[in-house]
Amino acid sequence: MLLFVLSADFSVIKPDLGLILWTSVFFILFWVLIGKFSFGPIARALKAREDDIQGALDEAKNARDEMANLKAENEKILAEARQERAAIIKEANDIKSTMIKEAKEKAKDEAQRIVTNAKLEIENEKKAALVQVKNEVGAMATEIAEKVLRKQLVTDAEHNTYVNQLVDEIKLN
Amino acid sequence: MQLRTFLTTILILTAGAVFADHGDDHKSSDQTQTHQQNGHDHNHDHDTSHDHGEEGHGDAHHDDCGGHHGDTFDPGATAFHHIADANVYSIGPLQIPLPCILYNKESGFDIFMSSKFGFDRLGHGDGHYAYKGYVLDGGTVKLVADANFPKEKVEIKGIRHDEDANAYVCLGDNEYPTYAKSTADFGLFGGGITPFYDFSITKNVVSMFIVFMFCLWLFLKVARAYKDRQGKAPKGVQSLIEPVFLFIQDEVCKPFLGDKYMRYQPFIMSLFFFILGLNLFGQIPFFGGSNVTGNLAFTCVLAIFAFLVTNLSGNKHYWEHIFWMPGVPAWVKTILTPVEVLGVFIKPLTLMLRLFANITAGHMVIIIFVSLIFIFSQNGANAIGGWGTVIPSGLLSLFMMSIELLVAFIQAFVFAILTASYIGAAIEDHHHEEAH
């Protein structure tokens, strides 16, 4: 026989003074001891950790933003550099073509000048040569005359033939 | 929130009606059982020894003063016995004596172990001895009301109960009436102040002590872990407690208490974890099965604390809303003020009754399911009926205990969240222009 028969006394609905006392004691102990030395510190530690995590996340976000800014700036600088490079190349090209053009013109002028000079020189040389020829001719004439004078020509015909012979000789020269 | 309170009140009233019906059932089943056992030897002494008149027809066990047990099985009484507080601690059938701290107006304080009553180590806490005028009746100490009763340790023949659950001590040829311990129900539920007060370390007190010490150890360990492992991820028992702690903090404390949650959080957490711990402790089979949170004394104390914390933190707006609701006509105020004043007391009252009713009902349902075995076996007479019920009863009990595990959390949570909402309403800064 396991179960003993009792009159039905629904005792749990009658608040026992002793149990009220002990419940108060244990609840106050629970509240004061565990509340003060555990719930408080745990809540504060959790709060600190939460702030830490939030701080770390914020920091990461800031770093990310900064990085993005930096990248944008870099790209801007790069774009600027590209633009500058293009401008420089263009300028160089311009300068080059100008220079070539100028050089061409200069060369042309120079050539013109050289040709002109050469022509002038040739003219001068020609004039000088003519003068020399004239002088030579004069000298030769004088020489011929001298030679004629030295040879005692008998006749006029002989004289003329000789003169013509001399003249031919000169021409041959 | 108002709707929830209303529904809860209806639930409690229904539960009360069920309890009342249950009492009737139990009486009638007693009668039928007695009818079945007509001719049994117990029916001899009842007509001769007591003058119960027309009431004496039933309850063979009530007349049983010889200390031998009746053959009827009363599931209601069994349930009441198992959910009751006791001056012995029971682990399975083993009864462990506990310290008794008793006071009566004549002899003052008496402190002794309940083993002085000489109860059976494998029994139900019925003392075979009276000691200093006290007896142990089903695990509960009672004071003999007669001044002629011997004060030294004497062997008693037994304890008889009448229809109203009054206990009579049989010593020699005499019967002595007894006083139950004083209770704070003001006679409302059949108790009241008697000349005898019991401040013993009872089964419930031991349970509270065990749960308190366990929680102290656990939470100090966790708090130390937070200190030692600062800036590291939680580990071990710390990560077991943290989600529960954060759940209460984020779902209960912060939404209701706002910025001042840190001030009230230890109180809310204490309520939650103390109730949860005791709810779960009471669910451990054979380990006392103490029904602390299903005892009105316990829930009453917690409700009083909730009441005190709420009303002592109440600000000007809170009291203004109770006594002189702003923004309504004067004649409405004459109706509103009494309602609001009543509400101040009804709120903790519902807290008290809700927890009590839920946990007590859960314990009782499990006991009744287990009792099915004894009901169907006709208390040992019908072996086939008994063995046949073992598996269905076990399954039902298993199902009920799973539900009770859930209820243990839900009720602790509900107590905490409602207390937080009451405190939150008391400390809230109202903005009248917007609210009305």
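## Where the chains meet

How many residues does the contact take from chain A and from chain B? Chain A gives 41 residues, and chain B gives 71 residues. Sorted by class, the side of chain A that touches chain B has 29 nonpolar, eight polar and four charged residues. Keep in mind as you look around that this is a predicted model.

## Chain A on its own

Let's take chain A by itself for a moment. Its secondary structure is quickly told: two helices and zero strands. Along its principal axes, the C-alpha trace of chain A spans about 205 × 40 × 20 Å.

How does that sit beside a compact globule of 173 residues? Such a globule would have a radius of gyration near 16 Å, but chain A comes out at 66 Å.

## A helix from each chain

Now for a place where the two chains pack against each other. Helix 1 of chain A covers residues 17–150, and helix 6 of chain B covers residues 261–283. Their axes are 9 Å apart and make an angle of about 120°. Angles over 145 degrees count as roughly antiparallel and 65 to 115 as roughly perpendicular, so helix 1 of chain A and helix 6 of chain B are oblique to each other. The crossing of these helices, helix 1 of chain A and helix 6 of chain B, is right-handed.

Which residues do the meeting? On the side of helix 1 of chain A you'll find Phe27(A), Phe30(A), Trp31(A), Ile34(A), Gly35(A), Phe39(A), Gly40(A) and Ala43(A). Across from them, helix 6 of chain B brings Met262(B), Gln265(B), Pro266(B), Phe267(B), Met269(B), Ser270(B) and Phe274(B). By class, this contact has 11 nonpolar, four polar and no charged residues.

## The sheet in chain B

Chain B also holds an open sheet of five strands, in the order 6-7-11-10-9, with antiparallel pairing. At the edges are strand 6 (134–137) and strand 9 (158–161) of chain B, each of which pairs on one side only. On average, neighbouring strands of this sheet are turned by 45° against each other, direction ignored.

Start from the edge at strand 9 of chain B. Four bridges join strand 9 to strand 10 (residues 167–171) of chain B, and the two run antiparallel. Ile159(B) has Val169(B) as its bridge partner, while Gly158(B) stands opposite Cys170(B). Strands 9 and 10 of chain B make a hairpin with five residues between the strands, and there Ala165(B) takes a positive phi near 70°.

Next along is strand 11 (residues 174–179) of chain B, which pairs with strand 10 of chain B in the antiparallel sense over four bridges. Here Leu171(B) stands opposite Asn174(B). This pair of strands, 10 and 11 of chain B, is a hairpin too, with two residues between them. In its turn, Gly172(B) has a positive phi of about 60°.

## Two helices within chain B

Further along chain B, helix 8 (residues 316–323) packs against helix 9 (residues 330–376). The angle is about 125°, and the axes are 7 Å apart. That makes helix 8 of chain B oblique to helix 9 of chain B.

What meets what here? His321(B), Ile322(B) and Phe323(B) in helix 8 of chain B meet Thr337(B), Glu340(B), Val341(B) and Val344(B) in helix 9 of chain B. The classes in this contact are four nonpolar, two polar and one charged.

Notes
Residues are numbered from 1 along each chain as its sequence is written. Chains are lettered from A and ligands numbered from 1 in the order in which they are written. This is a predicted model: local features need pLDDT of at least 70, side-chain atom pairs count only at pLDDT 80 or more; totals for chains, interfaces and linings use all residues. Two strands pair if DSSP finds at least two bridges between them. Axes are lines fitted to C-alpha atoms, for helices over the stretch in contact, and angles run from 0 to 180 degrees between N-to-C directions. Angles under 35 degrees count as roughly parallel, over 145 as roughly antiparallel, 65 to 115 as roughly perpendicular and the rest as oblique. A crossing is left-handed if the near helix is turned anticlockwise from the far one by less than a right angle, and right-handed if clockwise. Two residues are in contact if their C-beta atoms, placed from the backbone, lie within 7 Å. Ala, Val, Leu, Ile, Met, Phe, Trp, Tyr, Cys and Pro count as nonpolar, Asp, Glu, Lys and Arg as charged, and the others, Gly among them, as polar. The radius of gyration is taken over C-alpha atoms; the globule rule is 2.2 Å times the number of residues to the power 0.38.
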